[in-house]
Amino acid sequence: MKTLVLGRTPARVREVLATLREDGFAAEGVSTDEEARGLLESGEFGVLIVGGGVGPESRAAMKEFAAGHGVREVIVGALTEPFDVYVRREFEPLIRKASGED
């Protein structure tokens, strides 16, 4: 199951992706809602991570869109440093749970 990371700051998206991939998760990342919608339409993603910089209206719209395209879990999080520790503590357990690895 793939994870899609949507964040407004490309450098942070890259850091999240690096940690997830290092830990064996299949993940892709984007910075715009349009890009996220395009990828979610494929039906390949089971988890959507929405960064704290994504505004409330956009966040709500993405949650609704994701629900209609097979996403099992939408995780909203605002990264704190060190980013890799945050990703492992906050995101990875929820990804595992959504994929049934819990």
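Begin with the largest pocket of this predicted model by selecting strand S1 (2–6), helix H1 (10–22) and strand S3 (45–51), each of which supplies at least two residues of the pocket's lining. The volume of this pocket is about 200 Å³. To find its middle, show Gly 7, Arg 12, Gly 51, Gly 52 and Leu 79, which are the closest to the centre of the pocket among the 17 residues that line it. If you then colour the lining by class, you should find nine nonpolar, six polar and two charged residues.

Next, keep Leu 79 on display and add Val 5, Val 16, Leu 20, Ile 49, Phe 91 and Ile 95, since these seven residues belong to the largest nonpolar core, which has 17 residues, and touch the most other members of that core. Selecting H1, S3 and helix H4 (83–98) brings up elements that each supply at least two residues of this core, and H4 gives the largest share, with six residues. In soluble globular proteins, nonpolar side chains tend to be buried together.

Stay with Phe 91 and bring in Tyr 86, so that the two rings can be viewed together: they form an edge-to-face aromatic pair, with 5.4 Å from centre to centre and 90° between the planes. The count of aromatic pairs in the model comes to one. Both partners, Tyr 86 and Phe 91, are buried.

From there, move to the loop between strand S4 (73–77) and H4, where Pro 82 is found. Show the backbone here and look at the peptide bond that runs from Glu 81 to Pro 82, which is cis, with omega near -10°.

Now select Phe 45, which is found in strand S3. Is Phe 45 buried or exposed? Its relative accessibility is 2%, and because the cut-off for a buried residue is under 20%, Phe 45 counts as buried. Add Glu 28 to the view and draw a distance between the two C-alpha atoms: Phe 45 and Glu 28 are 17 residues apart in sequence, and their C-alpha atoms are 9.3 Å apart in space.

For the last stop, display the side chains of Arg 37 and Phe 65 and turn the view until the ring is seen from the side. Arg 37 lies over the face of Phe 65, at 5.9 Å from the centre of the ring.

How values were computed. Residues numbered from 1 in each chain as written. Predicted model: local features only at pLDDT ≥ 70, side-chain atom pairs only at ≥ 80, totals over all residues. Heavy atoms only, no water. Phe/Tyr/Trp six-rings, centres within 6.5 Å; stacked < 30°, edge-to-face > 60°. Buried < 20%, exposed > 50% of the residue type's maximum accessible area, 1.4 Å probe, protein only. Lys NZ or Arg CZ within 6 Å of the ring centre and 35° of its normal. 1 Å grid on protein atoms, 1.4 Å probe; cavity = no way out; pocket = protein on both sides within 12 Å on 5 of 7 lines; lining within 4 Å. Points joined across faces, edges and corners; volume = space filled by probe spheres on them. Helix = DSSP H or I, 4+ residues; strand = E, 2+ residues; numbered from the N terminus. Nonpolar A, V, L, I, M, F, W, Y, C, P; charged D, E, K, R; others polar. Core = buried A, V, L, I, M, F, W, Y, C linked by side-chain atoms within 4.5 Å.
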